[in-house]
Amino acid sequence: MDPTESGEPVLSDRVRVNGSVTTVTLTSGGKLQWSDRSLDVEKEVLGFSVEGLKIKIRAVVECKAGICCFARPIIVRKSFTLEFSSDSSLRFWTQKLREILDALGRPKRLFIFVNPYGGKKSALKIFETEVKPLLNDANIDFIVQETKYQLHAKEVVQDLDLTKYDGIICVSGDGILVEVVNGLLNREDWDAAIRIPLGIVPAGTGNGMIKSLLDSVGQPCAAFNATLAVIRGHKRTLDVATISQGDTRYFSVLMLAWGLVADIDIESEKYRWMGSARIDFYALQRIFGLRKYNGSIVFVPASGYEAYGEPLDQEDDIIVEIESESNSDKEPAGTQQYAYHGPPIDVKSLNWRKINGPFVSIWLHNVPWGGEDAMAAPDAEFSDGCLDLIMIKDCPKLSLLKIMTELNSGGHVKSPYVSYLKVKAFVLQPGHRTEDPTKAGIIDVDGEVLARGKGTYKCDQETLMAYDKLFIKVDQGLATVFSPI
């Protein structure tokens, strides 16, 4: 160990470690060292407990995976017992270790949602076997709330006393996270509420948000890694998109889809008995029975993307309607007066551009991964104030099949049939199918149906919004999430 990296010794003692007497040193650089072992307190030490003259250090360390020299090391839980010779030495060491860990800003008390119905219905098992032991190791107190029905998490956080907690964790897919964000932004104190850090442990079908966070540092999308990210307490900001239609609003953190992707995501539910294979199976059906949708999109391109679309006449009806809707943010009718209404924007000062349909697919993304196997938007960033638009207007079926097979690597955006750009604001005007005007489409937001048109799958079910014009604007870095770095 390079002494310049570990720092100067702060404490040093002859200590019995796991039965053997050795010199243990705690350095100013946050290294706990003895014999041939060095623990980085910030990265590897979770917590500790005191029993008699012993300090039990609970840590996570790298362990080589099998005999293959090319295997990636795995992280495992491990404990080390330091036995001191006197009460005074024990006191000094306990105090200094607590000071170092407290200075890291780690959470001490968490509110945890567990969704027992999502994905493979394994969230409770994941929490008990993978999440809970790590939280106990880190001396983190927590309250667990199982979700009992759709929007239960939203209802809970709207009335939750957030001053009691250092974060809200979702052991689930992306759906519970979205509910929590919507609940926080529907509170009277939304401005303070949305600042509470949010964590995700993958236990659902998609897991796009936590996949995006972990993949950004090359870590696998696993409950163990996700829980460590929460324990270590690192945070990053996250854009939130406000989707509005009249006075009705919905807050999105992952994606919006209309056309092919939405149809596959939602309509494949009829084959849920097939498990995850339902997506691939139904994607083939939709590609070879391809639908196109009439409609239009209006958007404000980010810098560097101004060449897409045609300039919009400032007298266009769409702009007039957006301006009217934007003004309604100031005096909302029929909504909670003090809830969040989205970021204020000067609509007429923006460089609006328009693209008319028909379209095969419109896909807006806030983060790179739409699910563990779909890198929808390779260039998406968590807090750049933009949504990444993946658009397909027309495409031969065999080329479309190739595009879909490249989703897991992000290679689909290189296709000449795919337009990929960043937008700062967006208007979707959805229409009916080109081949059948009696049928419309589905608007899918964060894996849930926001709106259904006539003749669609389960079109008799009520939705939050009508199959009509939607206005989407982005609030840069509004939310905060626990992150690996």
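## Exercises on backbone geometry and helix α3

P358 sits in the loop that joins β17 (353-356) to β18 (361-365). Keep in mind as you work that this is a predicted model.

**Exercise 1.** Find out which form the peptide bond from G357 to P358 takes.

*Solution.* Start with the general expectation: most peptide bonds are trans. Next, read omega for the bond from G357 to P358, which is near 10°. That bond is therefore an exception to the general pattern, and its form is cis.

**Exercise 2.** Look at N139 and L151: work out the sign of phi for N139 and for L151, then place each residue in its loop and judge its exposure.

*Solution.* Begin with the background: most residues other than glycine have a negative phi.

- Step 1, N139: phi is positive, about 55°, although N139 is not a glycine. The residue lies in the loop between α4 (123-137) and β9 (141-146). With a relative accessibility of 43%, N139 is partly exposed.
- Step 2, L151: phi is near 75°, again positive in a residue other than glycine. This residue belongs to the loop between β9 and α5 (152-159). Its relative accessible area is 42%, so L151 is partly exposed.

**Exercise 3.** Describe helix α3: compare its span with the expected one, and say how its buried residues are arranged around the axis.

*Solution.* Take the helix in stages.

- Step 1, length: α3 covers residues 87-103, 17 residues in total. From first C-alpha to last it reaches 24 Å, close to the 24 Å expected at 1.5 Å a residue.
- Step 2, buried side: the buried residues are S89, L90, W93, T94, L97 and L101. Viewed down the axis of α3, they fall within an arc of 125°, so they line one face of the helix. The helical repeat helps to read this pattern: with 3.6 residues a turn, residues three or four places apart point the same way.
- Step 3, opposite side: R91, F92 and A103 are exposed residues on the face of α3 turned away from its buried side.
- Step 4, partners: the buried residues of α3 pack against several elements, among them β1 (9-17), β2 (20-27), α2 (41-44) and β6 (54-63).

**Exercise 4.** Follow the chain just past α3 and state what phi G105 takes, then characterise residues 105-247.

*Solution.* Just after α3, G105 has a positive phi of about 70°. In UniProt, an unreviewed entry places the feature "domain: DAGKc" at residues 105-247. Over residues 105-247, the chain is 40% helix and 23% strand. The end C-alpha atoms of residues 105-247 lie 39 Å apart.

Technical notes. Residues numbered from 1 in each chain as written. Predicted model: local features only at pLDDT ≥ 70, side-chain atom pairs only at ≥ 80, totals over all residues. Heavy atoms only, no water. Helix = DSSP H or I, 4+ residues; strand = E, 2+ residues; numbered from the N terminus. Buried < 20%, exposed > 50% of the residue type's maximum accessible area, 1.4 Å probe, protein only. Expected span 1.5 Å × (residues − 1). Arc of directions from axis to C-beta. Contact = heavy atoms within 4.5 Å. UniProt positions renumbered as here; feature names shortened; annotations may be inferred.
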